[in-house]
Amino acid sequence: MESSQPDYTALRLENIAITFRDQPVLTSATWGVQTGDRIGLVGANGAGKTTQLRILSGELEPTAGDVVKSHKDLRVAMLRQEFIDEIDLSRTLREEFMSVFTEEAEIMAQLHEAEEQLGKMTGEDSDAMQEVLDRMAKLQNKADSKNVNALESRVSKIMDLMGFDPEEGDFTVSMFSGGWKMRIGLGKVLLKDPNILVSDCASIVLLLASFKTH
């Protein structure tokens with residue numbers, strides 16, 4: 001189920017129910033978040049708080065009920081303590097942040113490959129050359145739509161927001177402490193530009209609240 005309004009972001013659970021191993025975990029859960037909201041779920045351990053967040057983020061499908069989105073391409077990020085485990089310790093800090101842009105990197109790799117292919121052509125096969133040129137034009141349009149030229153700038157802004165100095169961009173991730181690795185993981189999530197952030201970890205929420213908003 002989906003609704004649509006301009007300049008408005010909202011995500012809502014409507015009469016959500018979910019069952020694990022024939023045991024009901026949630027029944028008729030109804031609540032939501034919208035632009036400007038900061039909401040905390042309070043309840044006993046095992047009450048289904050994380051389950052609701054996982055449903056909101058799309059990680060779990062409910063047994064019954066609807067997840068209502070303000071628009072179909074709404075981006076939800078789930079922040080967990082475990083996202084530190086996804087960090088590559090051998091990369092530099094800047095490389096680790098840039099690793100978020102997998103789709104953009106693939107586009108640029110294909111464009112580079114096409115450029116190399118074009119450079120090896122002699123011009124004798126004009127049809128093949130035109131085919132490569134057409135492919136390059138399509139790839140360039142994709143790159144422009146992804147604003148790939150701004151990726152380095154976005155990473156620099158996130159580094160600053162997370163409290164890193166510019167020169168630390170060349171440090172390997174392994175050099176940073178656990179707390180700073182958490183900032184790296186959080187920065188990577190923010191680079192994905194989610195509309196809604198949800199978290200089941202209080203320390204991450206407190207860390208996020210300590211930063212200045214864009």
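Q: How much area does the protein chain expose, and what share do carbon and sulfur atoms supply?
A: This is a predicted model. In it, the protein chain exposes about 13,400 Å². Carbon and sulfur atoms supply 48% of that area.

Q: And what percentage of the residues count as buried?
A: Of the 214 residues, 35% count as buried.

Q: OK, what is the chain built from? How many helices and strands?
A: There are 7 helices and 5 strands. From the N terminus on, they run β-β-α-β-β-α-α-α-α-α-β-α.

Q: Is the chain compact or spread out?
A: The chain is more spread out than a compact globule, because its radius of gyration is 22 Å, well over the 17 Å that the globule rule gives for 214 residues. Along its principal axes, the C-alpha trace spans about 70 × 40 × 35 Å.

Q: How much of the contact count comes from residues 24 or more positions apart?
A: Such pairs make up 70% of the contacts with a separation of 6 or more.

Q: Let's do the sheet. What is the strand order?
A: The order is 2-1-3, in an open sheet of 3 strands with antiparallel pairing. Strand 2 (23–34) and strand 3 (64–69) are the edge strands, and each pairs on one side only. On average, neighbouring strands are turned by 15° against each other, direction ignored.

Q: How many bridges join strand 1 to strand 2?
A: Strand 1 covers residues 10–20, and 8 bridges join it to strand 2. L11 stands opposite V33 in strand 2. L13 has W31 as its bridge partner there.

Q: And on the strand 3 side, how many bridges?
A: Strand 1 and strand 3 pair over 5 bridges, in the antiparallel sense. L13 turns up again here, opposite V67 in strand 3.

Q: What about the hairpin of strand 1 and strand 2? How many residues sit between the strands?
A: There are 2 residues between them. In this hairpin, R21 takes a positive phi near 50°.

Q: What sign does phi have in most residues other than glycine?
A: Most of them have a negative phi.

Q: So where is N147, which also has a positive phi?
A: N147 is in the loop between helix 4 (126–145) and helix 5 (151–161). Its phi is near 55°. N147 counts as partly exposed, because its relative accessibility is 46%.

Q: Where does D193 lie?
A: D193 lies in the loop between helix 6 (178–191) and strand 5 (196–199). The phi of D193 is also positive, near 55°. At 45% relative accessibility, D193 counts as partly exposed.

Q: Switching to helix 1. Which of its residues are buried?
A: Helix 1 covers residues 49–57, and T51, Q52, L53, I55, L56 and S57 are buried.

Q: What do those buried residues pack against?
A: They pack against strand 1, strand 2, strand 3, strand 4 (76–79) and strand 5.

Q: Which residue follows helix 1?
A: G58 follows helix 1, with a positive phi near 90°.

Q: Now the inside. How many residues are in the largest nonpolar core?
A: That core has 34 residues. L93, F97, I158, M162, F164, I184 and L191 have the most contacts inside it.

Q: Which elements each supply at least two residues of this core?
A: Strand 4, helix 2 (93–98), helix 3 (102–119), helix 4, helix 5, helix 6 and helix 7 (202–209) do. The largest share, 6 residues, comes from helix 6.

Q: Pick F164. What does it touch?
A: F164 touches L93, F97, M159, F176, W180, R183 and I184. That leaves out residues up to four places away in sequence.

Q: How many residues are in the second core?
A: The second, separate core has 16 residues. Among them are L13, I16, A29 and L56. L56 is one of the buried residues of helix 1.

Q: One more residue. Is L190 buried or exposed?
A: L190 counts as buried, because its relative accessibility is 19% and the cut-off for buried is under 20%. L190 is found in helix 6.

Q: What does L190 touch?
A: Not counting residues up to four places away in sequence, L190 touches I158, L161, M162, L197 and L208.

Q: And how far apart are L190 and D85?
A: They are 105 residues apart in sequence. In space they are 17 Å apart, C-alpha to C-alpha.

Notes: Residues numbered from 1 in each chain as written. Predicted model: local features only at pLDDT ≥ 70, side-chain atom pairs only at ≥ 80, totals over all residues. Heavy atoms only, no water. Pairing = 2+ DSSP bridges. Helix = DSSP H or I, 4+ residues; strand = E, 2+ residues; numbered from the N terminus. Axes fitted to C-alpha atoms, helices over the stretch in contact; angles between N-to-C directions. Rg over C-alpha atoms; globule rule 2.2 N^0.38 Å. Buried < 20%, exposed > 50% of the residue type's maximum accessible area, 1.4 Å probe, protein only. Contact = heavy atoms within 4.5 Å. Areas by Shrake-Rupley, 256 points an atom, 1.4 Å probe, with all protein chains shown as cover. Core = buried A, V, L, I, M, F, W, Y, C linked by side-chain atoms within 4.5 Å.
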